[in-house]
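Biologist: Before I accept the labels on this model, I would like to see the reasoning behind them. Please set each value against its cut-off.

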Amino acid sequence: MNKISYQAAGGVVVRAGGAELLLLERPHRKELRLPKGHIEPGETIEQAAVREVQEETGYADVEITAGLGSLTHSFFSLRDDAEVTRTEYYFLMRLTSERKYQGPHYDYEKFRRRWVRAGEAERALTYESEREFARRANKALAQSDHEV
């Protein structure tokens, strides 16, 4: 059996003071996801996370506000006919403007943006690993509300 291992980075994007989280709908797959993708050679994890969020959401202006850690999991990929081990790194990010992303990749055309209330995002996401990052984001947002 083939084995593939790689790292990915992404973001949990908030607006409205953290009241809403951005999810991406992939209509042809009936999935609700968080934006993420492969870390390219020469990129830091943070650079990859911002780039992937820009490419997949279509928003140019996002900034990292906190790290949400990482998770490693394995699954079988029919497409690759391989056992895949992926380490995912996520960051809490804030949308700073609605300016459109003008980069070289337009992955956002594959997705529909869905802003959902922060408390509903965890239930709405398709995959458990992404639900865990939504939980971590909500916890970080709740802690920041109590800081002076």
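The exchange below takes up a buried lysine, a helix, a partly exposed glutamate and a pocket.

Modeller: Keep in mind that this is a predicted model.

Biologist: Why is Lys36 called buried?

Modeller: Buried means under 20% relative accessible area. Lys36 has a relative accessibility of 10%, so Lys36 counts as buried. Lys36 sits in strand E4. Beyond its neighbours within four places in sequence, Lys36 is in contact with residues including Glu52, Glu56, Arg86, Glu88 and Glu130.

Biologist: What makes the pairing of the side chains of Lys36 and Glu130 a polar contact?

Modeller: The cut-off for a pair of N or O atoms is 3.5 Å. The side chains of Lys36 and Glu130 make their contact at 3.1 Å, so the pair falls within the limit.

Biologist: How do you know that the length of H1 agrees with the span expected of it?

Modeller: H1 has 13 residues, and at 1.5 Å a residue they should span 18 Å. The end C-alpha atoms of H1 are 18 Å apart, so the two values agree. Just after H1, Gly58 has a positive phi of about 85 degrees.

Biologist: Which residues of H1 are buried, and what covers them?

Modeller: The buried residues are Ala48, Ala49, Arg51, Glu52, Val53, Gln54, Glu55, Glu56 and Thr57. Their cover includes strands E1, E2, E4, E5, E6 and E7.

Biologist: Why is Glu122 called partly exposed?

Modeller: Partly exposed lies between the limits of 20% and 50%. Glu122, in helix H2, has a relative accessible area of 26%, and therefore counts as partly exposed. Leaving out residues up to four places away in sequence, Glu122 touches Arg131, Ala134 and Arg135. The side chains of Glu122 and Arg135 make a polar contact at 2.7 Å.

Biologist: What makes up the lining of the largest pocket?

Modeller: Its residues divide into 14 charged, 11 nonpolar and five polar. In total 30 residues line the pocket, and Tyr6, Arg26, Arg29, Arg33 and Arg86 lie nearest its centre. The space in the pocket is about 870 Å³.

Biologist: Which element gives the most to that lining?

Modeller: E5 does, with four residues. Elements that each supply at least two residues include E1, E2, H1, E6 and H3.

How values were computed:
Residues are numbered from 1 along each chain as its sequence is written. This is a predicted model: local features need pLDDT of at least 70, side-chain atom pairs count only at pLDDT 80 or more; totals for chains, interfaces and linings use all residues. Side-chain values use heavy atoms; hydrogens and water are left out. On a 1 Å grid over the protein atoms alone, a cavity is a set of points where a 1.4 Å probe fits but cannot get out, and a pocket is an open set with protein on both sides within 12 Å along at least five of seven lines; lining residues have an atom within 4 Å of a point. Grid points are joined across faces, edges and corners, and a volume is the space filled by probe spheres set on the points. Ala, Val, Leu, Ile, Met, Phe, Trp, Tyr, Cys and Pro count as nonpolar, Asp, Glu, Lys and Arg as charged, and the others, Gly among them, as polar. The expected span of a helix is 1.5 Å times one less than its number of residues. Buried means under 20% relative accessible area, exposed over 50%, partly exposed in between (1.4 Å probe, protein chains only). Contact means heavy atoms within 4.5 Å. A polar contact is a pair of N or O atoms within 3.5 Å; within protein, one must be able to donate a hydrogen and the other to accept it, and residues adjacent in sequence count only if both atoms are side-chain atoms.
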